[in-house]
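Reader: I am in my first year and would be grateful for a close look at the salt bridges of this protein. Please describe the chain as a whole before turning to the individual pairs.

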Amino acid sequence: MHSNPFGSIREGKVYLNAFREFPEREIGEVKEDEATTISYFEDRFGQLDEKVSELEQKINTNENKGSFLMKLLHMKEQILQADALGDFDALLKRLEEKEEELNAVIALNREKNLQIKSVLLAEAQVIKDSAEWKIVTAQLKELKQKWIKTGAAEKDREAELQENFDSALKLFFDRKKAFYEDKHILIAEKVDLYKKIIEEVKVSIADLDTEQAAEKVKELQEKWKTVGFVPAKVREELYQELKAVTDP
């Protein structure tokens, strides 16, 4: 019977020894001879060892270490299911040490992110009630970009922060929308007033003699001046329409 320190062959089957809480399990069978089979599964373990070393190297040399956590966890799952012969306990310990390191880095980053997002939220809260629509719109868009670029905060605070930040932005943009809707309604009402004046001028010119019509037109022109603001382009179009009626 051929074996190595971490497994054995029995009745043509290859077994990985039990380790930690994991029981002995069958990982393959003898294809040629026992020595070649053992060597084959040892080589497979060597490949796993190389993958772990590559991951360790990437973690050690990369500034964004936290981004490797999911890959590391996935590798742990793969190792536990791998059909190979070797010191799986030692391999897992190496990954667990890196996992602990990454969790510490992630915890520190989330603490920093909490501080950053708290400041961004405070800034949004200060300006959300402003009526400086153009200026504050630009400021809030900039804050949102910074928010997006900032990673997650501590788990027990992230949802609350996100909800409050979204609420501040929604409040401002809802107010802005309502303001411009009211403004558009007001402008539409003033446009109607201008058009009514034009119609009154037309009626006056048609129904009154020249002297009476002239007096009425002067009165309506004074009324025209009191209607108030509409966009310059619209006002000019209305004025040209009035002028076309009054000039003759």
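Author: What follows begins with the overall chain and then proceeds to its salt bridges and two further residues.

The model is predicted. Its protein chain contains seven helices and four strands. In order from the N terminus, these elements run β-β-β-β-α-α-α-α-α-α-α. The C-alpha trace spans about 130 × 40 × 30 Å along its principal axes. The radius of gyration of the protein chain is 39 Å, whereas a compact globule of 248 residues would have one near 18 Å. Of these 248 residues, 31% count as buried. The chain exposes about 16100 Å², and carbon and sulfur atoms supply 52% of that area. Among contacts between residues at least 6 apart in sequence, 65% join residues at least 24 apart.

The charges come next. The chain carries 41 positive and 52 negative charges, and the mean positions of these two sets are 6 Å apart. The salt bridges number 17. Three pairs are examined here in turn.

One of the bridges is formed by Lys 13 and Glu 26, whose closest N and O atoms are 4.0 Å apart. Lys 13 belongs to strand 3 (residues 13-16) and Glu 26 to strand 4 (residues 25-29), so this pair ties together parts that are 13 residues apart in sequence. Lys 13 has a relative accessibility of 29% and therefore counts as partly exposed. Glu 26 is also placed in the partly exposed class, because its relative accessibility is 44%. The two residues belong to a network of salt bridges that links Lys 13, Glu 26, Glu 29 and Lys 31.

A second bridge joins Asp 89 and Arg 20, with the closest N and O atoms 2.6 Å apart. This pair links distant parts of the chain: Asp 89 is in helix 3 (residues 88-127), while Arg 20 is in the loop between strand 3 and strand 4, 69 residues apart. Asp 89 has a relative accessible area of 22%, so this residue is partly exposed. Arg 20 is partly exposed as well, because its relative accessible area is 39%.

A third bridge connects Glu 158 with Lys 117, and here the closest N and O atoms are 2.9 Å apart. Again the pair links distant parts of the chain, with Glu 158 in helix 5 and Lys 117 in helix 3, 41 residues apart. Glu 158 is buried because its relative accessible area is 18%, and the cut-off for a buried residue is under 20%. Lys 117 has a relative accessible area of 3%, so Lys 117 is buried too.

Two residues may be added for their surroundings. Lys 76 lies in helix 2 (residues 69-81). At 19% relative accessibility, Lys 76 counts as buried. When residues up to four places away in sequence are not counted, Lys 76 touches Leu 92, Leu 95, Glu 96 and Glu 99.

Leu 171 lies in helix 5, which covers residues 155-207. With a relative accessible area of 35%, Leu 171 is partly exposed. Apart from its neighbours within four places in sequence, Leu 171 is in contact with Lys 128 and Asp 129. Leu 171 and Asp 129 are 42 residues apart in sequence, yet their C-alpha atoms are 7.9 Å apart in space.

Definitions and conventions:
Residues numbered from 1 in each chain as written. Predicted model: local features only at pLDDT ≥ 70, side-chain atom pairs only at ≥ 80, totals over all residues. Heavy atoms only, no water. Helix = DSSP H or I, 4+ residues; strand = E, 2+ residues; numbered from the N terminus. Rg over C-alpha atoms; globule rule 2.2 N^0.38 Å. Buried < 20%, exposed > 50% of the residue type's maximum accessible area, 1.4 Å probe, protein only. Contact = heavy atoms within 4.5 Å. Areas by Shrake-Rupley, 256 points an atom, 1.4 Å probe, with all protein chains shown as cover. Lys, Arg positive; Asp, Glu negative; His and termini not counted. Charge placed at Lys NZ, Arg CZ, Asp CG, Glu CD. Salt bridge = Lys/Arg side-chain N within 4 Å of Asp/Glu carboxyl O.
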